[in-house]
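Reader: I am new to this structure and should be grateful for a close look at a single part of it. Please take one residue as the point of departure and then describe its surroundings.

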Amino acid sequence: YAMLHGFYQASYSLAIGYASVYLLAQGYSDAIIGILLAVANGAAAILQPALGTLLDKKKTISIQMVSVFLLLIMIVLSGCLLTSMDLLPRAICIILIFTLEFSLQPMVNALCFILEHSGIRLNFGFSRGIGSISYAVASVIIGRLVSVYNESLLPIFYIAFFTGFLIVFLSLWRVPGKTPATDRPAAGEALSADTAKTLEPDTQT
């Protein structure tokens, strides 16, 4: 479970720390970059409760299934960024990647609640700590590599981190991904970013 936080925060460092670096290198203006990130955050705010409602209503669908599906889409979209694309298609790919990226954090947090409900003991604070360390380490390493080479490496890191994230979710495939129906929270609550497990925002530098 700690590795889920590790891979998520490592990939999140790309979305937060290097989005402007990559997009500026692709020819987008500061204003357009701000719009793209705002649209991605707004879309994620809509997608998160929608995914929560889906998981609450569909007993056969688990958090692992939804997360793996989203990560597969993100890997494909990241691969598209390595091809020659016009500004508009590239912007759409970026928005979709970031929207799905931002929607995965509530999945990771909710999975902790579900695993503990199933009798699996987890140290949530330790896992969040691993995530913060991964964010810091990934930011430094990627920054060095980008300064030595160029910004075109960033989609490769997207693919690498998303693939690692996907592998960890697959390793948890057989672990219960839902709480019993009688104990399941109301629609959308299981995936809320403000669950009791989210004690405070990550402190990442």
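Author: A suitable point of departure is Thr 99, which, apart from neighbours within four places in sequence, is in contact with Ala 40, Ala 43, Ala 44 and Leu 47. The model considered here is a predicted one. Thr 99 belongs to helix H5, and its relative accessibility is 7%, so the residue counts as buried, the cut-off being under 20%. Its side chain also reaches the backbone oxygen of Ala 40, at 3.4 Å.

Ala 40 appears again in the surroundings of Phe 98. When residues up to four places away in sequence are not counted, Phe 98 touches Ala 15, Ala 19, Leu 37, Ala 40 and Tyr 158. Phe 98 is also one of the residues, together with Leu 4, Ile 142 and Phe 169, that touch the most other members of the largest nonpolar core, a group of 56 residues. Two or more residues of this core come from each of the helices H1, H2, H3, H4, H5, H6 and H7. H5 (87–117) gives the most, with 16 residues.

The packing of H5 against H7 may be considered next. Their axes lie 13 Å apart, at an angle of about 30°. Because this angle is under 35 degrees, H5 is roughly parallel to H7. The crossing of the two helices is left-handed. On the H5 side, the contact is made by Ile 97, Phe 98, Glu 101, Leu 104, Val 108 and Leu 111; H7 contributes Tyr 158, Phe 162, Phe 165 and Phe 169.

Notes: Residues are numbered from 1 along each chain as its sequence is written. This is a predicted model: local features need pLDDT of at least 70, side-chain atom pairs count only at pLDDT 80 or more; totals for chains, interfaces and linings use all residues. Side-chain values use heavy atoms; hydrogens and water are left out. A nonpolar core is a set of buried Ala, Val, Leu, Ile, Met, Phe, Trp, Tyr and Cys residues joined through side-chain atoms within 4.5 Å. Buried means under 20% relative accessible area, exposed over 50%, partly exposed in between (1.4 Å probe, protein chains only). Helices (H or I, at least four residues) and strands (E, at least two) are DSSP runs, numbered from the N terminus. Contact means heavy atoms within 4.5 Å. A polar contact is a pair of N or O atoms within 3.5 Å; within protein, one must be able to donate a hydrogen and the other to accept it, and residues adjacent in sequence count only if both atoms are side-chain atoms. Axes are lines fitted to C-alpha atoms, for helices over the stretch in contact, and angles run from 0 to 180 degrees between N-to-C directions. Angles under 35 degrees count as roughly parallel, over 145 as roughly antiparallel, 65 to 115 as roughly perpendicular and the rest as oblique. A crossing is left-handed if the near helix is turned anticlockwise from the far one by less than a right angle, and right-handed if clockwise.
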